[in-house]
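Reader: I would like a close look at a single part of this model, with the criteria behind each term spelled out. Please take one helical region and set it in the context of its chain.

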Amino acid sequence: MSCNCNCQNMNRYMDMTEKDLLMQISQIQFVCVELNLYLDTHPDDEAAKKDYLSYSRMLHELIKTYEMQYWPLHGFGHSDTETGCWVYSEWPWD
Amino acid sequence: MWIYQKKTEFPVNITSPDPRMAKALMAQYGGPDSELGAATRYLTQRFTMPDDRVKAIVNDIGTEELAHWEMLGVMIFQCMRGASLCDIEEAGLLGYYTMHGKGVYPADPNGVPFTTAYIQSTGDPITDIVEDMAAEQKARTTYEHLMSLTDNPEIIAPLRFLREREVVHYQRFGEALSILQSRIPNNNAVPSKMGCPCKL
């Protein structure tokens, strides 16, 4: 099994900077999940909508930074990065 | 559809084998009030929800539950990783090991396999939401039992996160119930076949 990006030769395991960035993504994503669920039952709350938009933008930027530097985080065409490889990056249980 | 993100919702990193806790954690992977039950319950019920806000909350909590189910799978996998056969047997997992090895399988700690008979989809939105609220409370209780069974911070941290999510989901389902109750029409009669032209 191989892919064209030669990433088999790269270290599959995360360094600290990568872990920190992933943790930051998880934290901002958590804010988005919370605001999303709140907005589901309060869709007209303007302050929450504003927060959701600004945290969503922050999340998008962090994911983009991560994916340009390390690996694609998403499958099915949702990670447009040439860095790393979907198959060979560390799986969350390893 | 769903898009997979290659990370867990909350970090899980259990570094030493603990088959005893692997067995206990199965309650939330394949038990009656497990994350698998929650995800299938909500994602199945959402089709007949009459209000867009309620559709949204049932859809989105169902989606988050899939991420929680994954966390439980990771926890069980890591608790079984590197466990000796002696420890597995001592943890009461002889039967489990015989059938599943160190594989992750949706059964409860007593070995009872997951069944969708645990969940309901009645087509009555209020009935379904009330079931969902009860399910969140039952899962919260189970997480509290699990947290009382270990002092390993690597296991307690994700359990604390998951327990807290049950509390938030219960709150949101409570709001969904209020939304549904405010929609009940005055002539909320049970459909009847009386006067039905099909004469069945």
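Author: What follows looks at the helices of chain B, with H1(B) and H3(B) at the centre.

This is a predicted model, in which local features need pLDDT of at least 70 and side-chain atom pairs count only at pLDDT 80 or more, while totals for chains, interfaces and linings use all residues. Residues are numbered from 1 along each chain as its sequence is written, and chains are lettered from A and ligands numbered from 1 in the order in which they are written.

Chain B has 7 helices and 0 strands, where helices (H or I, at least four residues) and strands (E, at least two) are DSSP runs numbered from the N terminus. Its C-alpha trace spans about 70 × 35 × 30 Å along the principal axes. Of the 200 residues in chain B, 40% are buried; a residue is buried if 20 or more other C-beta atoms, placed from the backbone, lie within 10 Å of its own, exposed if 12 or fewer, and partly exposed in between.

Two packed helices are described by the angle between their axes and the distance between the axes. The axes of H1(B) and H3(B) come within 8 Å and cross at roughly 165°, the axes being lines fitted to C-alpha atoms over the stretch in contact, with angles from 0 to 180 degrees between N-to-C directions. H1(B) and H3(B) are therefore roughly antiparallel, a label for angles over 145 degrees, whereas those under 35 count as roughly parallel, 65 to 115 as roughly perpendicular and the rest as oblique.

The residues that make this contact include B:Leu25, B:Met26 and B:Tyr29 of H1(B) and B:Trp69, B:Leu72 and B:Ile76 of H3(B), two residues being in contact if their C-beta atoms, placed from the backbone, lie within 7 Å. By class, the contact has 12 nonpolar, 2 polar and no charged residues; Ala, Val, Leu, Ile, Met, Phe, Trp, Tyr, Cys and Pro count as nonpolar, Asp, Glu, Lys and Arg as charged, and the others, Gly among them, as polar.

Both helices also bear on H6(B): H1 (19-30) and H3 (52-80) are among the elements that cover its buried residues, as are H2 (35-45) and H7 (153-183) of chain B. Those buried residues of H6(B) include B:Ile129, B:Asp132, B:Ala139 and B:Leu146. The 24 residues of H6(B), residues 125-148, should span 34 Å at 1.5 Å a residue, and the end C-alpha atoms are 35 Å apart, which agrees; the expected span is 1.5 Å times one less than the number of residues.
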